[in-house]
Amino acid sequence: PQETAADFDFTAAEVVAMGRLPHRERSAARDREICARALADAGVAHLAARGFQSLSGGEKQRVLIARALAQEPRVLVLDEPTNHLDIAHQLDVLRRVRASGPTVLAALHDLNLAAAHCDLLHVLHRGRVVASGPPAEVLSAALLAEVFGVRAHRVRHPETGATQFLFDPLTP
């Protein structure tokens, strides 16, 4: 979720372990291994002993992603997974989630992050899918003007070649 509340100050490791509750193994050691791997995969192993309430918004977000990974899902559904994260952690989280294994369905409002990290995009407008496909095919200047009310200038990332955009308002 975009936001979460914790009434009790569980440690980050305990929050991640909650993801195992419906999937508990007969071996508690195996559950601990899965949780440790999820913490590492989300890049928050160093936060394991910290109280969840003491974490920044971005740290909490990354711990919640670790909790989701601890469930060993085949499909991971994320709503604004980069919410509360600085740019370095945004890039890191999307890279880590992509490498973690499951199919990922993510709602992202940052079109540059979506274009750089997603294989397929589905653009929604007024509750309907108006375009679907690879980012380079879907994200056109005309579509972005219609859906988001912006003028988009397509550029290529100099190192990755990924499609990126610079934006201006349609009206000054």
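**Exercise 1. The cavity**

How many cavities of 30 Å³ or more does the count come to? Work on the predicted model, and describe the lining of the largest cavity.

Solution.

Step 1. The count gives one cavity of 30 Å³ or more. The space in the largest cavity is about 40 Å³.

Step 2. List the lining. The largest cavity is lined by Asp41, Ala42, Ile65, Leu69, Val93, Arg96 and Val97.

Step 3. Assign the lining to helices. Both α3 and α4 (87–99) supply at least two residues each. With three residues, α4 gives the most to this lining.

Step 4. Sort the lining by residue class. Five of its residues are nonpolar, two are charged and none is polar. Because Asp and Arg count as charged, the two charged residues are Asp41 and Arg96.

**Exercise 2. Helix α2**

Determine the extent of α2, find its buried residues and state what covers them.

Solution.

Step 1. Helix α2 runs over residues 28–41, which makes 14 residues. From first C-alpha to last, α2 reaches 20 Å, close to the 20 Å expected at 1.5 Å a residue.

Step 2. Apply the cut-off for burial, under 20% relative accessible area. In α2, the residues that count as buried are Asp31, Ile34, Cys35, Ala38 and Leu39.

Step 3. Why do these buried residues lie on the same side of α2? They cover an arc of only 135° around the axis, and therefore they share one side of the helix.

Step 4. Look for the cover. Among the elements over the buried residues of α2 are α1 (12–18) and α3 (57–70).

Step 5. Follow the chain past the helix end. Glycine 43, just after α2, has a positive phi of about 75°.

**Exercise 3. The whole chain**

Summarise the secondary structure, dimensions, burial and contacts of the protein chain.

Solution.

Step 1. The protein chain has seven helices and six strands. In sequence order the pattern is α-α-α-β-α-β-α-β-β-α-α-β-β.

Step 2. Take the C-alpha trace along its principal axes: the spans are about 55 × 35 × 30 Å.

Step 3. With 172 residues in the protein chain, the buried share is 37%.

Step 4. Consider the contacts in the protein chain with a separation of 6 or more. Of these, 48% are between residues 24 or more positions apart.

Conventions: Residues are numbered from 1 along each chain as its sequence is written. This is a predicted model: local features need pLDDT of at least 70, side-chain atom pairs count only at pLDDT 80 or more; totals for chains, interfaces and linings use all residues. Side-chain values use heavy atoms; hydrogens and water are left out. Helices (H or I, at least four residues) and strands (E, at least two) are DSSP runs, numbered from the N terminus. The expected span of a helix is 1.5 Å times one less than its number of residues. Buried means under 20% relative accessible area, exposed over 50%, partly exposed in between (1.4 Å probe, protein chains only). The arc is that of the directions from the helix axis to the C-beta atoms. Contact means heavy atoms within 4.5 Å. On a 1 Å grid over the protein atoms alone, a cavity is a set of points where a 1.4 Å probe fits but cannot get out, and a pocket is an open set with protein on both sides within 12 Å along at least five of seven lines; lining residues have an atom within 4 Å of a point. Grid points are joined across faces, edges and corners, and a volume is the space filled by probe spheres set on the points.
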